[in-house]
Amino acid sequence: MKAKKKVCKWYQLCPIKYFVEQGKLDRKWINEYCLIDNKKCIRYQLEESGKYHPCNMLPNGEIMEELDY
Ligand code: SF4
């Protein structure tokens with residue numbers, strides 16, 4: 001049986017979702033991380049350990065200076 005796709009628990013609140021909806025960021029980020037609950041996401045890992053991470057940090061940990069929330 002095929003595993004059901006799970007969405008990251010932070011998805012509704014995550015700035016990455018917002019940036020994609022605004023057309024400021026490629027959909028690949030939510031496809032490759034958020035919509036499949038990819039725990040390799042650096043934002044996810046920092047969130048889980050209660051560590052600060054800026055809104056403009058991508059799931060791979062890269063900072064996008066041109067993105068503002
Ligand atoms: S960017 Fe990371 S923390 Fe945010 S919704 Fe996507 S997978 Fe979750």
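A residue counts as buried when its relative accessible area is under 20%. Keep that cut-off in mind as we walk through this predicted model, starting with Asp-37. At 12% relative accessibility, Asp-37 falls under the 20% limit, so Asp-37 counts as buried. You will find Asp-37 in the loop between α2 and α3. Its backbone deserves a look as well: Asp-37 has a positive phi of about 50 degrees, although Asp-37 is not a glycine.

From that loop, step back along the chain to helix α2, which covers residues 28-32. Trp-29 lies in this helix. Is Trp-29 buried or exposed? Its relative accessibility is 10%, and therefore Trp-29 counts as buried. Tyr-33 is buried too, with a relative accessible area of 16%. To place Trp-29 against another part of the chain, look for Cys-8: the two residues are 21 apart along the chain, and their C-alpha atoms are separated by 12 Å.

Now for the aromatic rings. The structure holds two aromatic pairs. In one of them, the ring centres of Trp-29 and Tyr-33 are 6.0 Å apart and the ring planes meet at 25 degrees, so this pair is stacked. The reasoning rests on the angle, because planes under 30 degrees apart count as stacked.

Tyr-33 also leads us to the ligand, since the name of Tyr-33 appears among the residues around the ligand. With Tyr-33 in that shell are Cys-8, Tyr-11, Cys-14, Ile-16, Cys-34, Cys-41, Arg-43, Tyr-44 and Pro-59. Sorted by class, the shell has nine nonpolar residues, no polar ones and one charged residue.

Where does the ligand sit? Its place is in the largest pocket. A general idea helps here: rolling a probe the size of a water molecule over the atoms shows where empty space is left. In this model, the largest pocket holds about 250 Å³ of space. Its lining is made up of 18 residues, and those nearest the centre of the pocket are Trp-10, Cys-14, Pro-15, Arg-43 and Glu-47.

Which helices each supply at least two residues of this lining? They are α1, residues 15-21, and α3, residues 42-48. Helix α3 gives the largest share of the lining, three residues. By class, the lining of the largest pocket divides into 13 nonpolar, two polar and three charged residues.

Let us finish with two residues on the exposed side of the cut-offs. Lys-9 is in the segment before α1. With a relative accessible area of 54%, Lys-9 is exposed, because exposed means over 50%. Leu-35 is 26 residues away from Lys-9 along the chain, and the C-alpha atoms of the two are separated by 9.7 Å.

Glu-66, in turn, lies in the segment after α3. Its relative accessibility is 60%, so Glu-66 counts as exposed. Look for Lys-51 as a reference point: Glu-66 and Lys-51 are 15 residues apart along the chain, and 22 Å separates their C-alpha atoms.

Note on methods. Residues are numbered from 1 along each chain as its sequence is written. This is a predicted model: local features need pLDDT of at least 70, side-chain atom pairs count only at pLDDT 80 or more; totals for chains, interfaces and linings use all residues. Side-chain values use heavy atoms; hydrogens and water are left out. On a 1 Å grid over the protein atoms alone, a cavity is a set of points where a 1.4 Å probe fits but cannot get out, and a pocket is an open set with protein on both sides within 12 Å along at least five of seven lines; lining residues have an atom within 4 Å of a point. Grid points are joined across faces, edges and corners, and a volume is the space filled by probe spheres set on the points. Helices (H or I, at least four residues) and strands (E, at least two) are DSSP runs, numbered from the N terminus. Ala, Val, Leu, Ile, Met, Phe, Trp, Tyr, Cys and Pro count as nonpolar, Asp, Glu, Lys and Arg as charged, and the others, Gly among them, as polar. A residue is near a molecule or strand if one of its heavy atoms lies within 4 Å of it. A molecule sits in a cavity or pocket if more than half of its atoms lie within 2 Å of its grid points. Rings of Phe, Tyr and Trp (its six-membered ring) pair if their centres lie within 6.5 Å; planes under 30 degrees apart count as stacked, over 60 as edge-to-face and the rest as tilted. Buried means under 20% relative accessible area, exposed over 50%, partly exposed in between (1.4 Å probe, protein chains only).
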